[in-house]
Amino acid sequence: MNIFTKEVEFADGRVLTIETGKLAKQADGSAVLKYGDTMLLATVVSAREARADVDFMPLSVDYREKFAAAGRIPGSFTRREGRPSDSEILVSRLIDRVLRPLFPSDYHADTFVNIELISADRNGEVMPDAFAGLAASAALALSDIPFGGPISEVRVARIDGSFVINPTYSELEKTELDIMVGATIDNIMMVEGEMKEVSESIMLEALEFAHNVIKIQCQAQIELAEEVGTTIKREYKHEDNDEALKDIIELKVSDKIYEIVKSSLNKHDRREELSKIQTELIEDLDLEEVNETLVKKYFHDIEKNVVRKAMLNDRIRLDGRQSDEIRDIWSEVNYLPGAHGSALFTRGETQALATVTLGSPRDEKLIDNVMIQGKSKFMLHYNFPPFSTNDARPQRGVGRREIGHGNLAYRAIMPMLPLREDNPYTIRIVSDILESNGSSSMATVCAGTMALMDAGIKIIKPVSGIAMGLITDGAENYVILSDILGDEDHLGDMDFKVTGTRDGITACQMDIKVDGLPYEILAKALYQAKNGRLHILDKMNETITEPRIEYKKHTPGIKKIIIPKELIGAVIGPGGKTIQEIQAVSGTEISIDENNGFGEVIILGPNQEALNIAIKRVKNLTILPEVGEIYTGKIKSIVSFGAFVEIMPGKEGLLHISEIEHRRLDKVEEVLKEGELVKVKLIGFDKKSGKIKLSRKALMERPRRRYERRN
């Protein structure tokens, strides 16, 4: 067994190890990454031949976390891992977006990259997703699969003014910036993360700081591959090209495509005209001698080149705008009368309808991942139905794209939500994309922000978002595009989404498709994005400037009551009987959590009357009886030595037989009966048990003695 290892040391002395030759040796490439107790196994397998008529890179990246890695049994019904969680899907997407552009453009074999967390940090502090990209790249570097890497990914945080690489979970709670950066040894390829209104300059510093660490990790992979001897890659032939045919097609259609590009047609008209040209081309060619698939491929390539040249040389965009011009925007709030909050946001041919639903703590999302367990009181769900792009296909379940776009919008808005004490509601935003031609995720941010304000949620500041693009043939000739169209994204070299308030960035997502993009271009794109972001905020302000003062009349009423921790049991009652009775009588929903040593009772009711009933019952249960106070209580039971009287809901005291009357009684029943209402005075608490002591005779006039009557 030939086992090879390579160590990578961080600036603070931490060491990670890449190992190969021990596990999964039948895969084309495999690597185990070790960092303390954390271990990731990455494998890659690629088919030897491509499937017929495949003209794209069929890459599948899957990141999974094994519950056994953290010493846990899955909580599902089957007690085994099921479909990937949202967090696993998001990590898979991060890795995919860095790897995919680095495979040769003519490599079309089915390729599967799998990364598994097989051992987790015993203290639960190490975040394994920060190492998954490095593990995947190492497996590729140690295989014979053609690949333009290696790459690596790191998480960078900014804590107390300093940047930290791959922070722990505890450290991340204190950060003002949390981004994942993926890069090769030469170029940044992907960025995604969230911030607390940081400036563009801090963002650029973070990218450079992360890239310096990534360079070291890439170099380690290169050296390990040389030691193992996997620097020679397999030969393949997945395309049969015909350059003469391509030249003929270019001569026939280039000028026609250019005329359509500069005509500023809308998306559907433009595609219809291009489709006509392609159909005429196919009819004009002798398909018995040429491959129709090849003709369509060359037509697409020529279309891409014509569009790019028009933008670079003539500064012509597909819809006729200037490079920094934002499409027309219109918006509307309170569009849906039945929702707690709603907003329509339309920018060009992209439209999002956002709804806000306000619920109780019972509606919080349960999180049960391998490394993270807990609850979330804010959710954002993004739906992308086929009709939004005029696609004639059925709508199935939520895909990875929807999860990724929804997560970006979630991270954009989350920093601006009110603090827990200022918002007792659980919030769900749903964004339904009704039209799409460029950055529906950024439309979701805008619509979601406006819907929150329409619902009366006191967000800290409004958030807007914009998607930036880039066309370049090198550092000298490039054009940065604001508010890109779908085709500009598809044909361009960069997709850079930035969200934020007037005072700083709250989230970003960047994919770069070309090598050698200088930081100067990134900086220009960031500052151009800021101008666009502010313009969009101005347009949003024309519709709604701040959150509504009051919630809508049909919004469920909510009340938070803080009670002593020791009284939580009194509200819940034996087996939950008391709280269930209150909910049944009042028609409310009640949840109780312990928070900072106190009980937090949240009551959600359909109207104020229902709320008041529940509030009164809860307060009666949690008011502490006071010595000297007089109560009217119900006799719950009679025993030989006295009667138990309920003076408050759930609170009983003993009325001893000697405290019923001034005269001596043989039996309690001489005076009282079960179920009777009786007025009593609280005279004290038992020193040992703390039980309530009551007296009836203390409220009665004491009879005079015989000698007092004679006198």
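**A short tour, starting at Met-700**

Begin by selecting Met-700, which sits in the loop between strand E29 (692-695) and helix H15 (706-710). You are looking at a predicted model, so keep that in mind as you go. Is Met-700 buried, partly exposed or exposed? Its relative accessibility is 32%, so Met-700 counts as partly exposed. Now add Ile-630 and Leu-699 to your selection: together with Met-700 they make a nonpolar patch on the surface, and the accessible area of the three is about 230 Å².

Next, try a patch with charge. Select Asp-242, Glu-243, Asp-247 and Glu-250, which form a negative surface patch. Where does Asp-242 lie? Look in the loop between helix H4 (200-228) and helix H5 (243-261). Asp-242 is partly exposed, because its relative accessible area of 31% falls between the 20% limit for buried and the 50% limit for exposed.

Now leave the surface and select residues 129-141, which are helix H2. Of the 13 residues in H2, 13 are buried, so the helix is largely enclosed by the rest of the structure. You can also check the length of H2 in your viewer: at 1.5 Å a residue, its 13 residues should span 18 Å, and the end C-alpha atoms are 19 Å apart, which agrees.

For the last stop, pick Ala-354 in strand E13 (residues 350-359). Ala-354 has a relative accessible area of 0%, so this residue is buried. Finally, how far apart are the C-alpha atoms of Ala-354 and Pro-518? They are separated by 37 Å, and the two residues are 164 residues apart along the chain.

Definitions and conventions:
Residues numbered from 1 in each chain as written. Predicted model: local features only at pLDDT ≥ 70, side-chain atom pairs only at ≥ 80, totals over all residues. Heavy atoms only, no water. Patch = residues over 30% accessible without salt bridge, like charges linked within 9 Å, V, L, I, M, F, W, Y side chains within 5 Å. Areas by Shrake-Rupley, 256 points an atom, 1.4 Å probe, with all protein chains shown as cover. Salt bridge = Lys/Arg side-chain N within 4 Å of Asp/Glu carboxyl O. Lys, Arg positive; Asp, Glu negative; His and termini not counted. Charge placed at Lys NZ, Arg CZ, Asp CG, Glu CD. Helix = DSSP H or I, 4+ residues; strand = E, 2+ residues; numbered from the N terminus. Buried < 20%, exposed > 50% of the residue type's maximum accessible area, 1.4 Å probe, protein only. Expected span 1.5 Å × (residues − 1).
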